[in-house]
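Student: Please choose a single part of the model shown below and look at it closely, then follow its connections outwards. I would like each cut-off stated where its term comes up.

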Amino acid sequence: MTKRKSLAGIYQITTFLAVVLLLLILFVSAAYFFMIPAPEKSTQDRDILAEVAAKRRLWESMRPASFRYVVDRDCYCERAYTEPYVATEDQGGRSATFNIEIESATVEFISMPPRPIWIDDLFNLVEQSAHDEKHVEVEYDKDLGLPLSVVIHPDPAPPDSVYRVEVRDFEILEYR
């Protein structure tokens, strides 16, 4: 058997150029996917954050010295968290009580809700939920700016994961 010498031709150089061009396209494409900028906050999230900041400023300017309200939470939680309670904020002091003592999960009667939510907490809850890109629905008091209703839908949302907080029966006890 004799060894045959390969013929030098024009196809060898075009094949080489095609491979180089293909590798160049692959490297540029891969670099594009590694350099994709992070998505910006949606306009809805920015609108919610701007609205909550404006309402917080209104609330801070109109905030009475003493006031009382009822908080009604709705979540897939034990009864101590879903039972409405009366919250009172008086000259910086805070108290929260149930109208009637309720039986907790530990079979004892309690008169104060566990981890009560205050007006400032509602503002923080809306902000944090918007930052976490959850679907948030908020209804504010037009005169005082406080959140009257907050509904949070986590994404993806199983039916029992919706969290609602409602503030009702707001009563001013003492003006500034």
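Tutor: Accessible areas here come from the Shrake-Rupley method with a 1.4 Å probe, and for residues only the protein chains shown count as cover. By that method the accessible surface of the protein chain comes to about 12400 Å², of which 59% belongs to carbon and sulfur atoms. The model is a predicted one, in which local features need pLDDT of at least 70 and side-chain atom pairs count only at pLDDT 80 or more, while totals for chains, interfaces and linings use all residues. Residues are numbered from 1 along each chain as its sequence is written, and side-chain values use heavy atoms, with hydrogens and water left out.

The part I choose is helix 2, but the frame around it comes first. The protein chain has four helices and eight strands, taken as DSSP runs (H or I of at least four residues for helices, E of at least two for strands) and numbered from the N terminus. Read from that end, the elements of the chain follow the order α-α-β-α-β-β-β-β-α-β-β-β. Of its 176 residues, 28% count as buried, where buried means under 20% relative accessible area, exposed means over 50%, and partly exposed lies in between (1.4 Å probe, protein chains only). If a contact is taken as heavy atoms within 4.5 Å, then among contacts between residues at least 6 apart in sequence, 53% join residues at least 24 apart.

Helix 2 covers residues 43–62, and its 20 residues, at 1.5 Å a residue, should span 28 Å, which agrees with the 28 Å between its end C-alpha atoms; the expected span is 1.5 Å times one less than the number of residues. Its buried residues are Asp45, Ile48, Val52 and Trp59. These cover an arc of only 55° around the axis, which puts them on the same side of helix 2, the arc being that of the directions from the helix axis to the C-beta atoms. An α-helix has 3.6 residues a turn, so residues three or four places apart point the same way. On the other side of helix 2, Thr43, Asp47, Arg57 and Ser61 are exposed. The buried residues pack against strand 1 (66–74), helix 4 (119–131), strand 6 (135–140) and strand 8 (163–174).

One of those buried residues, Trp59, deserves a longer look, since its relative accessible area is 0%. In the largest nonpolar core, which has 28 residues, Trp59 is among those that touch the most other members, together with Tyr69, Tyr85, Ile119 and Val126; such a core is a set of buried Ala, Val, Leu, Ile, Met, Phe, Trp, Tyr and Cys residues joined through side-chain atoms within 4.5 Å. Helix 2 is one of the elements that give two or more residues to this core, and the others are strand 1, strand 2 (85–90), helix 4, strand 6, strand 7 (147–153) and strand 8. Helix 4 gives the most, with five residues.

Trp59 also takes part in ring pairing. The whole structure has six aromatic pairs, found where ring centres of Phe, Tyr and Trp (its six-membered ring) lie within 6.5 Å, with planes under 30 degrees apart called stacked, over 60 edge-to-face and the rest tilted. The rings of Trp59 and Phe170 have centres 6.1 Å apart and planes at 75°, so this pair is edge-to-face. The pair links distant parts of the chain, with Trp59 in helix 2 and Phe170 in strand 8, 111 residues apart. Unlike the buried Trp59, Phe170 is partly exposed, at 26% relative accessibility. Ring pairs join Trp59, Phe67, Tyr69 and Phe170 into a cluster. Beyond its neighbours within four places in sequence, Tyr69 has a list of contacts that includes Phe170, Tyr85 and Ile119.

Trp59 leads, finally, to Gly145, a residue in the loop between strand 6 and strand 7 that counts as buried at 0% relative accessibility. Not counting residues up to four places away in sequence, Gly145 touches Lys55, Leu58, Trp59, Phe123 and Tyr140. The C-alpha atoms of Gly145 and Met62 are separated by 8.1 Å, although the two residues are 83 apart along the chain.
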